[in-house]
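Subject: Structure handover

Hello,

Here is the structure I promised to pass on. Please open it first, then read the notes below it.

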Amino acid sequence: MLKTEHYDLMRTAADMKIGEKAIIEDIDNSHPSSHRLMEIGFTPGQEIVMLNKTVFNDPISFSIRGTIIAIRKNEAVSIII
Amino acid sequence: MQQRITKNKVPLIAIAGQPNSGKTTLFNHLSGKKFKTVNYPGSTVEYSISKILTKFSINANILDSPGIISLIPSSPDEELSVNTLYAHPDYGKPDIVVVTVDSSQISRHLYLVRQLINSRFNVIIVLTMLDLLHKKGYDISESKLSEILKCDVIKINSKSGEGIDELLSSVNRNIHNLENENGSVEVVKNPPEDKENLLKSYSEIGHIEADVIFPMKETPQLKEPDIQKINESLVVLNNPRLFQKPDEFTLKLDKIVLHKFWGLIIFFLTMLIMFTSIFYVAAPLMDLVNEAFSFLSDSADSILGDTWYGNLISQGAISGVGSVLVFLPQILILFLILGLLEDSGFLARGAMLIDKPLSKIGLNGKSFVPMLSGFACAIPAIMASRTITNKRERFLTIFIIPLMSCSARLPVYAILIAFLIPQDKAFTGGLILTVIYIFSIASSVIIASVINKFSDVFLRSNDNSSFILELPAYRMPKIKRAVTNMFSNAKQYIFKAGPVILYLSLIIWILTYLPNYNPVVDGTGKSEQEIVSLKNSERIATSYASHLGNLIEPVMKPIGMDWRVGVSLIATFAAREVFVSSLTLIFKVTDTGEDIQNSLLSAMRNATFENTEVKIFTTATTAGLIVFFIFALQCLSTVAISRKETGSWRIPVLQIVVFTSIAYILAFVTVNGLRFFGIN
């Protein structure tokens, strides 16, 4: 498994463009929301599609496992793609 | 937690499931009660319990619970639901857990199902939202799912009732099995899961999903069943994620509703329409209520005459209650619109849209729905803030909810605004009301950011701020459901506020009528009407209320008010709307034959400080009163619920002190500022 310090160099769900598809590579365990994110279905290997940003660019909505989930940017950075 | 069904115990069936999985619709169907289905994740804060309808001939209790994502809770709301599922304080462990699963997103929903099965609950799975799955061109095999998970699986359409019979026979079978079982099954709590276990669960669920979901046959006659099955599994293997696409219509509509420009326009237009209809659509209905109560009051007067009991009935009871029920149409409209917005899926988008600005002042997008409900009533609003996982944000939301202009303030504003402007200018009135609303929202923003700055002192909590919210598929809101829901909300509200208003009206009547109930006045050369009017003012001037008022007069003087307004203000600490009925009682010295509102207005216009010609109600003092009502926390029920939800007296006491002092200081500034500029 990857180490936390390497995550800075990686692309995360927060970097995705509208309409972009990606496969989740890993979830940063050190993020306080990581457990809940995994529980609601953001798991490694899962495909996500970035759908919308609000006018303030935050939160961001993703298509995942048949539904749409909105999360904050600072939570999306824990989703490594 | 040991449990065994005996003949004397009525079995308990709990309905569990993720938010938006159709729990409440199923509950309504089985219980026959018309509760609402919530579209906003997690807003079933309170439980509904009921007997299964007799027509289904099963003797069992049925419990609806708030939506949960996992049996390992992450908010107070979830913790409550999870604990209640393991052992309800009154009903114990549920004998059967019926878990609703959205078929269009089963992988996410099976996660909870697995936890329930691991906890050794007696699980029956109900598959809902099949229409959404079918729209994607897929179907699900309940028999396979049942085989894999070793529990009953039933497809249901709660609205049409399809599948309910099957569910009932499954429930019956399960109850029967439990009755015959000798050893009882013990429920175990799920231990906190580490990442590895969690991912293992999900990968197993992934396999299950691939096994049970299959594409719908377009032309079933043309293919041999076996070849078709092979083809289907090939399609699934090749496109394992096609059925994981969200609802097409929702994706398209979100492009507009969450659009950077149009999204904002739609959001503000929705809010604008909502608030303007509260004022304009309600107006004719309010006149109707007003006239009905004047008629009742006049009839009581003419039947009972000018006696103490006649007065008690017509003024104490009927006018008191009537002056408050006048704003019932506004509450109804607010509940109706909130219900429709919730049902359609719009509120979750509103929460997402407003999360960023709210997070700047220490709140959360999830504060949006509680704050919006605060415009109806602070009590359900404070309870709804349980869905906010972060304690600091939850406390801050609870803290500022009393600043949202609740519907109880509407009759107060209505009468004060009516006093300020001529009646033919309804538009100006609406404008002033809008200004009041905007002003109170702006004040709450300022107060929230100040409190947030000193959150160490005020809120004493600082945990991880998070916003994770499912945006449910858009659905056409059901008018019928919204209407029934509106009436049940309004009914609860009336039964809660009604008695308080009635008792207080009677108490104020007693305070203003006694002890000198039949004063001696010099009636020489005066008409009968003038004598009645003289008697009335003499009676009030020597009443208990007057004695009480003299004590608080020094506090009232600086904001341009006399003891009579002071007594009314004290009465409002029980409930704000009492202000109007109390003014009606204290000031309505003559019955001019107009309706309640107009005779109160003319009484206010004529009211002077005792033994002087100085008018009490002027533009300056009336504006001061409005400002006072914007801030003051005059509602004991709000204080009580704030205490309950925050678990200590610190927040409610702070609320009373902060809001009431701001109210008093700003009222003082308003009155004297206006006077300084020559506006009296």
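A residue counts as buried under 20% relative accessible area, as exposed over 50%, and as partly exposed in between. A:Asn57 has a relative accessibility of 29%, so A:Asn57 is partly exposed. Please keep in mind that this is a predicted model.

**Chain A**

Let me stay with A:Asn57 for a moment. Its phi is near 65 degrees, a positive value in a residue that is not glycine. A:Asn57 sits in the loop between strand 3 and strand 4 of chain A. A:Pro59 is found in that loop too, with strand 3 covering 47-53 and strand 4 covering 60-64. The peptide bond between A:Asp58 and A:Pro59 is cis, with omega at about -5 degrees.

Now the whole chain. Chain A has 81 residues, and 62% of them are buried. Two helices and six strands make up its elements. Read from the N terminus, their order is β-β-α-β-β-β-α-β. Take the contacts in chain A between residues at least 6 apart in sequence: 52% of these join residues at least 24 apart.

**Where the chains meet**

How many residues does each chain bring to the contact? Chain B brings 48 residues and chain A brings 42 residues. The area buried between the two is about 3700 Å². Carbon and sulfur atoms give 57% of that area. Three residues of chain B deserve a look here: B:Lys195, B:Lys260 and B:Ile468. They supply 19% of the area that chain B buries against chain A, more than any other three residues.

**Nonpolar cores**

The largest nonpolar core has 99 residues. Which of them touch the most other members? They are B:Phe368, B:Val565, B:Phe587, B:Phe617 and B:Leu625. For B:Phe587, set aside residues up to four places away in sequence. B:Phe587 then touches B:Asp562, B:Arg564, B:Val565, B:Leu600, B:Ala603, B:Ala607, B:Ile616 and B:Phe617. Another core, of 60 residues, lies apart from the largest one. Its members include A:Ile71 and A:Ile79 from chain A, and B:Ile69 and B:Leu145 from chain B.

**Cavities**

There are seven cavities of 30 Å³ or more in the structure. The largest has a volume of about 110 Å³. Ten residues line it. Nearest its centre lie B:Gln315, B:Tyr513, B:Arg539, B:Ile540 and B:Leu585. Which helices should you display to see the lining? Show helix 12 (308-325), helix 21 (479-513) and helix 22 (528-541) of chain B, as each supplies at least two lining residues. The lining of this largest cavity is mixed in class: four nonpolar, four polar and two charged residues.

**Places to check in chain B**

Start with B:Arg120. B:Arg120 is not a glycine, yet its phi is positive, at about 65 degrees. The residue lies in the loop between helix 3 (106-118) and strand 5 (123-128) of chain B. Is B:Arg120 buried or partly exposed? Its relative accessibility is 48%, so B:Arg120 counts as partly exposed.

Next, B:Tyr138. This residue belongs to strand 6 of chain B, residues 138-140. With a relative accessible area of 4%, B:Tyr138 is buried. B:Tyr138 and B:Met216 are 78 residues apart in sequence, but their C-alpha atoms are 4.9 Å apart in space.

Then B:Leu336, in helix 13 of chain B, residues 328-344. B:Leu336 has a relative accessible area of 23%, so it is partly exposed. What does B:Leu336 contact, leaving aside neighbours within four places in sequence? The partners are B:Ala482, B:Val483 and B:Met486. B:Leu336 and B:Met274 are 62 residues apart in sequence and 9.9 Å apart from C-alpha to C-alpha.

Last, helix 18 of chain B, residues 410-420. Helix 18 is mostly covered, with nine of its eleven residues buried. The buried ones are B:Leu410, B:Pro411, B:Val412, B:Tyr413, B:Ile415, B:Leu416, B:Ile417, B:Ala418 and B:Phe419.

Over to you.

Best wishes

Note on methods
Residues are numbered from 1 along each chain as its sequence is written. Chains are lettered from A and ligands numbered from 1 in the order in which they are written. This is a predicted model: local features need pLDDT of at least 70, side-chain atom pairs count only at pLDDT 80 or more; totals for chains, interfaces and linings use all residues. Side-chain values use heavy atoms; hydrogens and water are left out. On a 1 Å grid over the protein atoms alone, a cavity is a set of points where a 1.4 Å probe fits but cannot get out, and a pocket is an open set with protein on both sides within 12 Å along at least five of seven lines; lining residues have an atom within 4 Å of a point. Grid points are joined across faces, edges and corners, and a volume is the space filled by probe spheres set on the points. Helices (H or I, at least four residues) and strands (E, at least two) are DSSP runs, numbered from the N terminus. Ala, Val, Leu, Ile, Met, Phe, Trp, Tyr, Cys and Pro count as nonpolar, Asp, Glu, Lys and Arg as charged, and the others, Gly among them, as polar. A nonpolar core is a set of buried Ala, Val, Leu, Ile, Met, Phe, Trp, Tyr and Cys residues joined through side-chain atoms within 4.5 Å. Buried means under 20% relative accessible area, exposed over 50%, partly exposed in between (1.4 Å probe, protein chains only). Contact means heavy atoms within 4.5 Å. Buried area is the accessible area (1.4 Å probe) that two parts lose on being put together, summed over both.
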